[in-house]
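Open the model in your viewer and keep the selection tool at hand. The stops below go from the whole chain down to single residues.

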Amino acid sequence: MKVLLLHGWPVSERVWVSQVSALRDAGFEPVAPPLYGRGPSIDDWAAHLLRDIDGSLVVVGASMGGYCALAIVRRAPERVLGMVLVGARADADSFDRRKFRLEQAIELRAGHAPALAEPDADLEYLAVAQEAMRDRLDLTGVVASFGGPLLVCVGDRDELVSVADAEELAATALDGRLEVFADAGHFVAIDQPARFNAVLLDFVSQWKT
């Protein structure tokens with residue numbers, strides 16, 4: 001069974017090395033594609049991924065990857081068995097957040113790389129990704145109508161998504177569950193890879209044949 005791992009911003013698919021190894025060792029088929037360079041909108045990214053990857057999926061999205069996960073479910077709910085959202089939200093950006101993303105895109109195009117970006121990161125791709133996140137749809141309705149299990153993970157030190165936000169998101173789902181990671185920030189899988197792997201493997205084990 002395929003587990004689709006969707007990375008956050010400004011990191012790349014390389015962030016999933018530990019999860020790819022753990023999932024493969026457990027008998028699953030992890031797929032960790034790059035999201036950058038797939039078009040100007042998150043819906044474009046979802047369309048590309050659904051075209052390139054066949055079969056049923058469990059989709060795991062961290063931050064920006066969570067927005068893409070929701071776009072995939074919106075397009076093809078019948079293909080998604082379950083979903084994990086990590087440090088992600090389902091609503092659209094606020095006015096202030098949209099303004100902040102515009103400023104970030106300008107900084108990136110001026111050559112200023114963010115702290116977590118990899119040395120070979122394409123700054124134009126990162127800028128386009130900021131614009132795609134800024135213009136994304138409110139997909140809270142997708143969470144509410146999703147028929148499979150939803151696991152929401154959040155670090156209690158996440159500065160972008162609060163535990164209360166994550167709790168509300170999980171409660172919105174038909175079959176939602178919340179996992180809080182103590183002393184972890186926005187990138188839970190980076191801060192606490194061993195514990196995240198254990199939680200992820202426990203979640204996907206329900207589809208093990």
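**The whole chain**

Show the surface first: the accessible area of the protein chain is about 9400 Å², and carbon and sulfur atoms account for 52% of it. Keep in mind that this is a predicted model.

Switch to cartoon. The protein chain has nine helices and six strands. Its radius of gyration is 16 Å, close to the 17 Å that the globule rule gives for 209 residues, so the chain is as compact as a globular protein of that length. Along the principal axes, the C-alpha atoms fill a box of roughly 50 × 35 × 30 Å.

Colour by burial next. Of the 209 residues in the chain, 52% are buried. Then draw contacts between residues at least 6 apart in sequence: 73% of them join residues at least 24 apart.

**Stop 1: L5 in β1**

Select residues 2–6. This is strand β1, and L5 lies in it. Is L5 buried or exposed? L5 is buried, since its relative accessible area is 0% and the cut-off for buried is under 20%.

Now show what surrounds L5. Beyond its neighbours within four places in sequence, L5 is in contact with W16, Q19, V20, L23, P30, V31, A32, P33, V60 and L200. Pick P33 from that list and draw a C-alpha to C-alpha distance. L5 and P33 are 28 residues apart in sequence, yet 7.3 Å apart in space.

**Stop 2: R38 in a loop**

Move to the loop between β2 (29–31) and α2 (42–52), where R38 is found. R38 is buried as well, because its relative accessible area of 14% falls under the 20% cut-off.

Which partners does the R38 side chain have? It reaches the backbone oxygen of P34 at 2.6 Å. It also makes a polar contact with the side chain of D52, at 3.4 Å. Expand the selection: with neighbours within four places in sequence left aside, R38 is in contact with P33, D44, W45, H48, L49 and D52. P33 also appears among the contacts of L5.

**Stop 3: helix α4**

Select 95–109, which is α4. Draw a line between its end C-alpha atoms. They are 22 Å apart, in agreement with the 21 Å that 15 residues should span at 1.5 Å a residue.

Show side chains for R101, Q104, A105 and L108, the buried residues of α4. Look down the helix axis: these buried residues fall within an arc of 100°, so they line one face of α4. They pack against α3 and α5. Rotate to the other side of α4, where F95, D96 and I106 are exposed. Just after the helix, stop at G111, which takes a positive phi of about 95°.

**Stop 4: helix α5**

Select residues 123–134, helix α5. Its end C-alpha atoms are 17 Å apart, which agrees with the 16 Å that 12 residues should span at 1.5 Å a residue. At the start of α5, zoom in on D122: one of its side-chain oxygens comes to within 2.9 Å of the backbone nitrogen of E124.

How many of the 12 residues of α5 are buried? Nine are, and the helix is mostly covered. Display L123, L126, A127, V128, A129, Q130, A132, M133 and R134 to see these buried residues. To finish, add α2, α3 (64–75) and α4 to the view: the buried residues of α5 pack against these helices.

Technical notes: Residues are numbered from 1 along each chain as its sequence is written. This is a predicted model: local features need pLDDT of at least 70, side-chain atom pairs count only at pLDDT 80 or more; totals for chains, interfaces and linings use all residues. Side-chain values use heavy atoms; hydrogens and water are left out. Helices (H or I, at least four residues) and strands (E, at least two) are DSSP runs, numbered from the N terminus. Buried means under 20% relative accessible area, exposed over 50%, partly exposed in between (1.4 Å probe, protein chains only). A polar contact is a pair of N or O atoms within 3.5 Å; within protein, one must be able to donate a hydrogen and the other to accept it, and residues adjacent in sequence count only if both atoms are side-chain atoms. Contact means heavy atoms within 4.5 Å. The expected span of a helix is 1.5 Å times one less than its number of residues. The arc is that of the directions from the helix axis to the C-beta atoms. The radius of gyration is taken over C-alpha atoms; the globule rule is 2.2 Å times the number of residues to the power 0.38. Accessible areas come from the Shrake-Rupley method with a 1.4 Å probe; for residues, only the protein chains shown count as cover.
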